[in-house]
Amino acid sequence: MGVLEDKNQYKRRVIDDTIETYLQVSGAICIEGPKWCGKTWTSAFHSNSEFLVGDPSNNFSNRQLAELNPSMILQGNTPRMIDEWQEVPSIWDATRAEVDKRHKKGQIILTGSSTPKTKGIMHSGAGRIVRLRMNTMSLYESGDSSGNICLKKLCNGNLGMQMLEEVSLVKIAEFIVRGGFPENITVDSQKAHLMPRAYMDSVIEENLNNLDDGVEYNKHKAQLLLRSLARNESTTVSDASLLKDIIDQDNESMSRNTIAKYLEALNRLFLFNNQAPFSPNLRSSLRVKQAEKRHFSDPAMACALLNITADKLLGDLNTFGFLFEALVEHDLAIYAQSFGAKLFHYQDYKNNEIDAVIELEDGDWCAFEIKLGANKIDEGAASLIKTCADIVDNGGKAPKIMCVICGLSNAAYQRPDGVYVVPITALKD
């Protein structure tokens with residue numbers, strides 16, 4: 001019996017179209033992302049046979065078989081899913097070799113919730129295996145966004161005014177604390193914070209030391225670092241600042257080398273989805289900061305580490321604002337990926353910032369400010385206009401559109417100054 005007994009019961013994900021496209025152009029794909037984001041179900045939906053490396057049946061006989069003969073487990077109806085391939089790293093090279101041998105597209109789907117050390121993997125897989133990052137559910141995928149506004153169309157300046165149903169502040173707080181884990185979507189809102197907490201406990205207690213890289217990670221240090229990252233969610237905090245934060249908040253000391261080592265390990269578990277800096281093509285001396293904006297793979301992870309519930313979030317609007325930004329940027333990354341665009345952020349040394357930049361495949365870019373309340377829309381629009389004008393004045397290309405994405409609004413529209421306004425609960429890919 002397969003993982004997905006009835007494919008008619010499958011709830012489609014935004015990444016599905018991307019998977020279908022790459023199965024037509026590549027011999028194998030690797031769908032990777034944090035545990036419990038839905039990789040196995042999605043991969044099973046696109047597969048005609050499967051092999052679960054981590055299946056505990058018969059004393060983990062599947063893993064033993066994979067270790068003895070990795071090429072044999074690749075045989076079956078195609079596309080064939082190999083779930084949690086990283087538990088036996090030699091599967092990667094066997095897949096690459098099998099793709100070369102068959103000379104056919106759409107043969108194998110690998111899934112992975114951690115990345116093994118490069119050592120032991122002989123070939124990068126370039127040209128044979130395409131890596132696709134999968135995230136937890138967006139609000140549109142979970143059914144919490146109406147999907148009235150298509151991001152792809154918006155990025156091309158296609159938006160007519162629409163009246164929409166306003167979502168309450170309480171509901172947005174619940175979305176953040178619950179997260180986008182598929183199995184947590186239908187849990188009662190008063191209990192939805194419990195699973196993300198158990199998830200992060202599992203990362204600290206088990207997953208980190210199961211990376212099989214020969215390093216023994218200190219659970220207390222891992223917890224301190226993760227809590228500091230949670231306190232600094234949606235910021236460009238440096239490793240040095242993380243160290244200072246840990247000392248100030250927890251009266252504990254760690255070296256910068258230790259922080260770097262732990263960050264690398266946690267990133268291999270796909271716990272982070274940081275936002276790279278955007279550099280417009282400037283011919284002037286305008287200097288652009290090159291720091292990544294820190295994000296957990298789901299804002300609920302930060303909530304779990306700080307023991308935040310929806311009620312607590314409503315009592316701390318400053319923290320609420322940072323976590324709302326994380327929620328929006330989490331969804332923008334998912335929607336942008338569906339049409340080949342990429343998500344960035346912008347900062348320069350003149351204190352200009354843009355919360356989110358979407359760069360389209362043709363090189364055009366779109367600028368977004370993120371504001372929780374409708375009372376901040378004017379502020380967000382003014383910031384966008386000023387920053388984008390400064391970029392143009394210094395030789396950069398103008399954005400295709402400017403948009404404020406908000407939490408509390410009952411309409412999507414274009415302002416007289418040209419800036420669009422869109423509620424996150426109306427957006428889709």
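**Exercise 1. Find what covers the buried residues of helix 11 in this predicted model.**

Solution. The cover includes helix 8 (194-207), helix 9 (219-231) and helix 10 (239-250). Next, list what is being covered: the buried residues of helix 11 are T258, I259, Y262, L263, A265, L266 and R268. Buried here stands for under 20% relative accessible area.

**Exercise 2. Check whether the span of helix 11 agrees with its number of residues.**

Solution. Helix 11 covers residues 256-268, which is 13 residues. At 1.5 Å a residue, the expected span is 18 Å. The end C-alpha atoms lie 19 Å apart, so the two values agree. Just after helix 11, F270 has a positive phi of about 60 degrees.

**Exercise 3. Describe the largest pocket and its lining.**

Solution. Start with the volume, about 930 Å³. The lining has 38 residues, and those closest to the centre are A333, Q337, A341, K342 and L343. Two or more lining residues come from each of helix 1 (16-25), strand 5 (129-133), helix 14 (317-337) and strand 9 (342-347). Helix 14 gives the largest share, six residues. By type, the lining splits into 15 nonpolar, 13 polar and ten charged residues.

**Exercise 4. Do the same for the second largest pocket.**

Solution. The volume is about 550 Å³. Of 28 lining residues, G321, E325, D355, I370 and K371 are the closest to the centre. Helix 14, strand 9, strand 10 (353-359), strand 11 (365-371) and helix 15 (377-393) each give two or more. The largest share, six residues, is from helix 14. The lining holds nine nonpolar, eleven polar and eight charged residues.

Technical notes: Residues numbered from 1 in each chain as written. Predicted model: local features only at pLDDT ≥ 70, side-chain atom pairs only at ≥ 80, totals over all residues. Heavy atoms only, no water. Helix = DSSP H or I, 4+ residues; strand = E, 2+ residues; numbered from the N terminus. Expected span 1.5 Å × (residues − 1). Buried < 20%, exposed > 50% of the residue type's maximum accessible area, 1.4 Å probe, protein only. Contact = heavy atoms within 4.5 Å. 1 Å grid on protein atoms, 1.4 Å probe; cavity = no way out; pocket = protein on both sides within 12 Å on 5 of 7 lines; lining within 4 Å. Points joined across faces, edges and corners; volume = space filled by probe spheres on them. Nonpolar A, V, L, I, M, F, W, Y, C, P; charged D, E, K, R; others polar.
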